[in-house]
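Work through the following exercises with the sequence and the 3D structure at hand. Try each task before you read its solution.

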Amino acid sequence: MGALEELKNKLSEKFGDKIKLSEDKRGVLWIECDVSDFKEILAFLCELGYSHLSTITALDHLEENKFALIYHILSFENHPKIPICLRTYINRDSPEIETVLDIYPHALVYEREVFDLMGIKFKGHKGLKRLLIPEDAPEDYHPLRKDYKIEVGD
Amino acid sequence: MTWGAVLKDAFKNLFKKPATVNYPVVLTKAPEGYRGKIDFDVNKCLGCGNCARVCPTYAITMVPSEVTKLKKQPQIEIAKCVFCGSCVDICPTKALWFTTDYHISGFTKDELMV
Amino acid sequence: MSYRMPIGPIHPMLKEPINFIFYLDGEIIVDAEPNIGYAHRGIEKLAENKTWFQNLYLLEKICGICSSAHQGCYAQGAEYIFDVEPPERALHIRVMMWELERIHSHLLWLGVVAHLLGFDTLFMYTWRDRERVLDIVEEISGRRVGYSINTVGGTRRDVDDNLLNKAKKVAEFILEQTKYYEKVFTEDKSLLIRTQNIGMLSKTDAIRLGTVGPTVRASDVKRDIRYNFPYAIYEETPFEVVTFDSCDVFSRVVVRIREMYVSAEIVKWIAENIPSGKVDLGISPFKKPPVNEAISIVEAPRGELYYYLKSNGDLKPERIKVRTPTLANIISVIHMIKGHYIADIPPIVGGIDPCMACMDRVLLVDINKEKKVVMDKEELIRYSIKWYKKNKDIVISERW
């Protein structure tokens with residue numbers, strides 16, 4: 001596990017208290033941080049070699065009144081075999097966060113999908129419109145949220 | 001780089017028999033283990049209801065019955081079935097099984113009830 | 001004089017139907033805009049209402065050709081959450097089905113590309129050889145498409161020695177036929193004119209735009225999930241990464257043909273070296289998992305397939321997120337297509353292997369004259385073939 005320990009040490013040295021690190025049995029590194037620091041951490045990881053953003057996941061925590069956003073990044077050239085997942089929390093009443101298009105140009109489609117299905121706005125994204133749901137749907141129609149119930153079964 | 005690299009084989013294939021089967025006249029037989037239409041033996045059924053709980057598309061409903069121990073038996077709607085086999089795997093007395101029948105279409109809903 | 005041409009969505013073949021709007025200047029494409037969402041079925045929301053075992057049969061229906069990749073990736077992630085290890089024999093059977101699926105998917109794609117370029121004979125030959133692979137898959141699992149061979153904790157069916165011998169014969173047949181297809185696709189001049197020096201995607205652009213799968217390996221980048229993040233038993237099999245460096249549509253054809261050799265060798269190796277033992281751990285479908293979250297990454301025939309799963313201790317999952325490989329490759333299509341003629345749209349868009357759902361209706365709008373001409377998919381292909389026949393000499397002198 002030499003590569004994982006080295007990576008954790010580098011991150012703790014640079015960011016100290018601002019992040020919480022944990023790992024799971026398969027060698028995946030989970031980082032938790034605040035919404036004001038996450039872009040700095042992503043830029044640092046992109047320099048280290050994590051140049052591929054796989055996707056952005058949004059989770060809805062209805063009882064705690066917040067959204068969680070997870071950024072899944074992979075590195076193919078350096079630090080092999082350690083996928084990283086970076087998690088931040090934002091407020092559920094006015095969900096807004098900065099875009100990562102300047103670090104990862106391919107985040108165009110993933111941010112549109114999160115806006116479409118969960119209603120989170122990305123500041124600085126040019127052309128933020130719906131991706132999957134037809135464009136004449138009502139403004140506040142975000143079906144993947146937990147308060148939108150569907151009926152299943154007979 | 002040439003023009004017409006397949007010409008030789010295309011010419012040879014003119015004199016061989018076709019690779020397709022003339023379907024409605026010649027019927028191909030499905031292999032053993034094919035997941036076709038489901039069949040059911042009510043004498044082996046206990047009425048436990050596990051098959052209805054496991055079905056992913058809710059195609060099985062339990063209806064009242066005189067023959068089984070717990071007084072219920074399953075009714076399967078083949079139109080909703082996806083032929084996954086969860087009901088066949090979980091039945092404790094092997095009362096449900098797959099046949100190799102793949103001609104499953106009908107004009108009325110009653111033809112598609114087992 | 002500039003035109004705006006939408007290319008419409010519906011094609012009942014596999015993954016996502018895609019709608020593009022192309023901005024034209026004469027015959028040359030200046031910009032493009034994708035519009036997707038025509039096959040959106042709300043599967044992520046529906047998966048939160050079914051149990052962990054019922055989702056196996058829902059998620060394999062996301063794609064018809066990569067169905068085993070989706071189900072295997074989900075089963076792998078659910079095994080991480082339930083904290084169990086499947087038996088060795090089950091992993092060998094799972095990998096064999098994954099590689100057989102990759103062979104038949106690449107043969108299907110070769111036939112479709114040949115059809116788009118007007119070479120229907122090769123379309124018929126590749127699909128005739130694909131039937132041998134579908135027959136062996138039907139005998140192992142019970143169905144030709146949608147095999148449902150994975151479960152949480154292993155596989156549902158076992159294979160006996162008879163079936164393993166048949167699988168080995170099919171792998172040897174595929175090795176023979178692939179040599180023939182490599183010769184035809186790299187020597188026939190009518191195919192070379194339409195695929196060389198078209199759709200260029202340089203190495204830095206491919207990394208910057210997040211491309212995955214054979215499209216990025218055709219730009220000389222060594223990225224493959226089976227090599228960088230090995231899973232199941234890939235570290236023990238004779239697996240090699242295939243790359244090629246000419247960065248155009250021809251390079252993508254060569255990469256996929258060579259991947260068929262590698263897959264057939266893996267199937268042969270498994271048929272000879274499979275260990276004995278159980279194939280299923282026998283977990284009950286009514287068991288509740290612990291509170292956990294996990295990711296699962298698999299190399300589907302089209303690229304990197306990424307699943308994120310979260311459980312909160314209940315019988316139904318809290319969140320399942322699926323990122324399919326075609327979504328990651330759409331951005332590179334927009335970049336690649338600028339500066340080409342309309343007649344180059346079929347091989348470029350088909351070259352990323354989008355399950356050929358992109359093009360069914362073409363609507364040509366002449367803004368100045370307010371005249372509309374509608375073409376469907378067959379007519380667009382015929383138009384592009386005729387255009388190439390007429391302008392062959394101009395094209396050859398321009399590009400070579």
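**Exercise 1.** Compare the span of helix α4(C) from its first C-alpha to its last with the span expected at 1.5 Å a residue.

*Solution.* Helices here are DSSP runs of H or I with at least four residues, strands are runs of E with at least two, and both are numbered from the N terminus. The expected span is 1.5 Å times one less than the number of residues in the helix. α4(C) has 29 residues and reaches 42 Å, which is close to the expected 42 Å. After the helix comes C:Gly118, whose phi is positive, near 90°.

This is a predicted model, in which local features need pLDDT of at least 70 and side-chain atom pairs count only at pLDDT 80 or more, while totals for chains, interfaces and linings use all residues. Residues are numbered from 1 along each chain as its sequence is written, and chains are lettered from A and ligands numbered from 1 in the order in which they are written.

**Exercise 2.** Find out how many residues of α4(C) are buried, and what share of the largest nonpolar core this helix supplies.

*Solution.* A residue is buried if 20 or more other C-beta atoms, placed from the backbone, lie within 10 Å of its own, exposed if 12 or fewer do, and partly exposed in between. By this count 25 of the 29 residues of α4(C) are buried, so the helix is largely enclosed by the rest of the structure.

Next, a nonpolar core is a set of buried Ala, Val, Leu, Ile, Met, Phe, Trp, Tyr and Cys residues joined through C-beta atoms within 7 Å. The largest such core has 105 residues, and C:Met96 and C:Val267 have the most contacts inside it. Helix α4 (residues 88–116) of chain C gives the largest share of this core, 16 residues. A second, separate core has 31 residues, among them A:Leu42 and A:Val100.

Finally, two residues are in contact if their C-beta atoms, placed from the backbone, lie within 7 Å. Leaving aside residues up to four places away in sequence, C:Val267 touches C:Met96, C:Glu99, C:Leu100, C:Ala167 and C:Ala171.

**Exercise 3.** Describe the elements and the dimensions of chain B.

*Solution.* Chain B contains 3 helices and 4 strands, which run α-β-α-β-β-α-β from the N terminus on. Its C-alpha trace spans about 75 × 30 × 20 Å along the principal axes. Of the 114 residues of chain B, 14% count as buried.
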